[in-house]
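The following report looks at internal cavities and at helix packing in one protein model, with the cavities treated after a first look at how helices cross.

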Amino acid sequence: MESSGYRRSAGTARGEARRVELLEKVVEDLAANGLVDFSLRRAARAAGTTHKVLLYHFEGVDDLLVQAVDRLRERRIESGLAAAAGSEQTLAARVGALWPVLTDPRFGHRVLEQSTGLAMYDPGRYARFGREATDIYRPALLSLCPPEWDEGRRAEVAEMVLATLRGLLLDRVTGGDEEGVAAGLRALLRALEREEGAGA
C-alpha cells in the first residue's frame, strides 16, 4: 500500500486515542453506506475532520479501509460469540446462533461481503481482505467446537463451517433465493449434528 507522505502519529496514548476515535466514525459510515464510492474525503466527512488529519493517523485510504473492515469483523465476531455462548450447548446450536449476527446490518454485513469481492477483483491491492478474514474468523469457530475433539478434527469442522457460511452470505447479498440460503444453513446445521453425534 502506498505511503501518504504525511507525518504519522507518533504512537502516543493521546494519538492512539484519537486514531481509534476517528476509526470508529469511519466504521459507522461504512456499516451504513457500504464500500461503494468510499474515499478519503468521504471518510473525513464521516469522521468530522479533514483528509490531512486522517493521513496523519493512517498510512492512506487503503490502510484506513482495511482497518475499518477489520474493526467491523471484530464487532461481528464479538457479538456472534456472545450469541453462541447464550445458546444450547451443541455445536449446531452455537453455529445457528451466529447467523442472525452475521446478517445484522449493524455489523456491516454487506460491507464485509463486498470486501471479499474486492479481494477477488484486485488481489494485489486487497488480498488482506480475504486472508485476514480467514485469520480472524477461524479462532472463533475453533472455540465453538467441543473441547474433547482433537486439533485436526476441530480444524476440519471449523474450515467447513467458515467456507459454508461465507458462501451462504455471498449468495444472500448477491441476490440469492432467501429460502435457498435458509435451506443451505439448515443442511449445515444437520451436518454438524451428525458430526457431533459421531463423536459421542
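Are H1 and H4 roughly parallel or roughly perpendicular to each other? In this predicted model, the axes of helix H1 (residues 13-33) and H4 come within 9 Å and cross at roughly 75°. Since angles of 65 to 115 degrees count as roughly perpendicular, H1 and H4 are therefore roughly perpendicular to each other. On the H1 side the contact is formed by Arg19, Leu23, Glu24, Val26, Val27, Glu28, Leu30 and Ala31, which meet Leu64, Leu65, Gln67, Ala68, Val69, Arg71, Leu72 and Arg75 in H4. By class, the residues of this contact of H1 with H4 comprise ten nonpolar, one polar and five charged.

A second crossing involves H6 and H8, whose axes lie 10 Å apart and make an angle of about 105°. That angle makes H6 roughly perpendicular to H8. His109, Arg110, Glu113 and Thr116 of H6 make this contact together with Leu169, Leu170, Arg172 and Val173 of H8, and the residues involved divide into three nonpolar, two polar and three charged.

The two helix pairs are set out below.

| Helix pair | Axis distance | Crossing angle |
|---|---|---|
| H1 and H4 | within 9 Å | roughly 75° |
| H6 and H8 | 10 Å | about 105° |

Turning to the interior, the structure holds two cavities of 30 Å³ or more. The largest cavity has a volume of about 280 Å³ and is lined by 20 residues, among which Arg76, Leu102, Tyr137, Leu162 and Leu165 lie nearest its centre. Two or more residues of this lining come from each of helix H4 (61-85), helix H5 (91-102), helix H6 (109-121), helix H7 (123-144) and helix H8 (151-173). The lining of the largest cavity includes 14 nonpolar residues, together with two polar and four charged ones.

The second largest cavity encloses about 40 Å³ of space, and its lining consists of Leu91, Val95, Leu141, Leu144, Cys145, Val157, Ala158 and Val161. Here the elements that give two or more residues are H5, H7 and H8, with the largest share, three residues, coming from H8. Which classes of residue make up the lining of the second largest cavity? Eight nonpolar residues are found there, with no polar and no charged residues.

Note on methods: Residues are numbered from 1 along each chain as its sequence is written. This is a predicted model: local features need pLDDT of at least 70, side-chain atom pairs count only at pLDDT 80 or more; totals for chains, interfaces and linings use all residues. Side-chain values use heavy atoms; hydrogens and water are left out. On a 1 Å grid over the protein atoms alone, a cavity is a set of points where a 1.4 Å probe fits but cannot get out, and a pocket is an open set with protein on both sides within 12 Å along at least five of seven lines; lining residues have an atom within 4 Å of a point. Grid points are joined across faces, edges and corners, and a volume is the space filled by probe spheres set on the points. Helices (H or I, at least four residues) and strands (E, at least two) are DSSP runs, numbered from the N terminus. Ala, Val, Leu, Ile, Met, Phe, Trp, Tyr, Cys and Pro count as nonpolar, Asp, Glu, Lys and Arg as charged, and the others, Gly among them, as polar. Axes are lines fitted to C-alpha atoms, for helices over the stretch in contact, and angles run from 0 to 180 degrees between N-to-C directions. Angles under 35 degrees count as roughly parallel, over 145 as roughly antiparallel, 65 to 115 as roughly perpendicular and the rest as oblique. Contact means heavy atoms within 4.5 Å.
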